[in-house]
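The following exercises ask the reader to work from residues to their places and contacts. Each task is followed by a solution in steps.

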Amino acid sequence: MAAHTPYRSLRGISAVVALLAIGAVGCSDVTDAVDSAKDGARKVARQQSVFSLDVGDCYNPNGNAEGTAYAVEVVPCGEAHEGQVVGEFAIDEGNKYPGDDGVAAIADDRCPAEAQKYAPDTWALPKGVALFYYTPTSESWATGDRAVSCTYTVEKGTFTGSLDTAKSLKPEQSTYLKGSNAVYEALWANQSEKDTVEDDLAGYKAQAKAVAAALDAHVEGLSGIEGAEVGKLRETLTKAAGDWKKAADAADADAFYLAYDPAFTGIDPGKSVAARKELGLATTVPADEAEVWAG
């Protein structure tokens, strides 16, 4: 977010001004000019301070998706738009500004969880949508700004409709998504900064332990859901949990690698497609996830 500044009222070109400016032209040109002026006026009327964004607001950034912003165009979600606010929280890190990197790290950590509360099934997101966030700057922090707005935004193109799907989910769908999301969150949130197991065996074992625990919880949740495909997935994930536990208990790097290969393959998102279909959830593996497991 940008520093707090006095609200700047923007003035659009009225239809009358547009007509006077174009002079003697054809009717179609006049109509186009009027339509353009109306569109401009509507956009101006929809401008809101970025500080006033609420969860559920659909909007268009003024300029690029990334960068400092003072205002955005808030639009009805039924119209084409570039982003939607899907979560928010306040930073509670004392009085000192955490720094740009510190604020970004906090948003990186918390926004995925906040977004999943609003749109739990990331497979169902429109193509090209990615997680962004508006955060305080050092200037706005000095005025008391602590809010972070988490958004799903496209860098190119637009999408239509609200991403609010949490309220429409059936209990079994919610249970599945909660467990599944937790597994992949455990995987990526605990990823070692080292490229090789030899350089950080303890870190990789900690990751394996976290994934195994998440898988156990996910498998337990699936036990209460009926369906042949869900049952098959439960068996697959039970085996994967065992492999992750072996990795977590590995005595050395070689033993870790032997357990890790089947453990990682066992949670390939592609293995859940049939169960997702049975549950009435999205069945297209997101491109970035498919690429990871494709090797």
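**Exercise 1. Classify K117 as buried or exposed, and describe its link with E114.**

Step 1. In this predicted model, K117 has a relative accessible area of 57%. The cut-off for an exposed residue is over 50%, so K117 is exposed.

Step 2. E114 has a relative accessible area of 12%. Buried means under 20%, and E114 is therefore buried.

Step 3. The two side chains form a salt bridge, with N and O 3.3 Å apart. A salt bridge requires such a pair within 4 Å.

Step 4. Both residues belong to helix 3, which covers residues 100-118. E114 and K117 are three residues apart, which is about one turn of the helix.

**Exercise 2. Explain which parts of the chain the salt bridge between D121 and R276 ties together.**

Step 1. The closest N and O atoms of D121 and R276 are 3.1 Å apart, and the pair forms a salt bridge.

Step 2. D121 is located in the loop between helix 3 and strand 5 (129-134), whereas R276 belongs to helix 9 (residues 273-279). The pair therefore ties together parts that are 155 residues apart in sequence.

Step 3. The relative accessible area of D121 is 6%, so D121 is buried. R276, with a value of 2%, is buried as well.

**Exercise 3. Determine where K239 and D243 lie, and whether each is buried or exposed.**

Step 1. K239 and D243 are both part of helix 7 (residues 228-248). Four residues, about one turn of the helix, separate them.

Step 2. Their closest N and O atoms are 3.1 Å apart, and they form a salt bridge.

Step 3. K239 has 53% relative accessibility and so counts as exposed. D243 has a relative accessible area of 7% and is buried.

Step 4. Salt bridges with shared partners also join R110, E114 and K117 into one network. The search of the whole structure finds seven salt bridges.

**Exercise 4. State which contacts the side chain of D145 makes, given that D145 has no salt bridge.**

Step 1. D145 is in the loop between helix 4 and strand 6 (147-154).

Step 2. D145 is buried, and the nearest side chain of opposite charge belongs to R146, 6.7 Å away. The cut-off for a salt bridge is within 4 Å, and D145 has no salt bridge.

Step 3. The side chain of D145 does make a polar contact of 2.9 Å with the side chain of S140. The side chain of D145 also reaches the backbone nitrogen of A147 at 3.3 Å.

**Exercise 5. Describe the place and surroundings of S138.**

Step 1. S138 is in helix 4, which covers residues 138-142.

Step 2. The relative accessibility of S138 is 36%, so S138 counts as partly exposed.

Step 3. The side chain of S138 makes a polar contact of 3.2 Å with the side chain of E139.

Step 4. S138 and K96 are 42 residues apart along the chain, and their C-alpha atoms are separated by 9.5 Å.

**Exercise 6. For N62, A213 and K156, set accessibility beside a distance to another residue.**

Step 1. N62 is in the loop between strand 2 (58-61) and strand 3 (71-75). With 40% relative accessibility, N62 is partly exposed. Its C-alpha atom is separated by 7.1 Å from that of E73, 11 residues apart along the chain.

Step 2. A213 belongs to helix 6 (residues 201-222). A relative accessible area of 45% makes A213 partly exposed. A213 and A182 are 31 residues apart in sequence, with a C-alpha to C-alpha distance of 9.7 Å.

Step 3. K156 is in the loop between strand 6 and helix 5 (171-189). K156 has 77% relative accessibility and is exposed. K156 and V129 are 27 residues apart in sequence and 9.0 Å apart from C-alpha to C-alpha.

**Exercise 7. Identify which residues form the negative surface patch, and locate D254.**

Step 1. The patch is formed by D195, E198, D199, D252 and D254.

Step 2. D254 is in helix 8 (residues 253-266).

Step 3. D254 has a relative accessible area of 57% and is therefore exposed.

Key: Residues numbered from 1 in each chain as written. Predicted model: local features only at pLDDT ≥ 70, side-chain atom pairs only at ≥ 80, totals over all residues. Heavy atoms only, no water. Patch = residues over 30% accessible without salt bridge, like charges linked within 9 Å, V, L, I, M, F, W, Y side chains within 5 Å. Areas by Shrake-Rupley, 256 points an atom, 1.4 Å probe, with all protein chains shown as cover. Lys, Arg positive; Asp, Glu negative; His and termini not counted. Charge placed at Lys NZ, Arg CZ, Asp CG, Glu CD. Helix = DSSP H or I, 4+ residues; strand = E, 2+ residues; numbered from the N terminus. Buried < 20%, exposed > 50% of the residue type's maximum accessible area, 1.4 Å probe, protein only. Polar contact = N/O pair within 3.5 Å; in protein donor to acceptor, adjacent residues only side chain to side chain.
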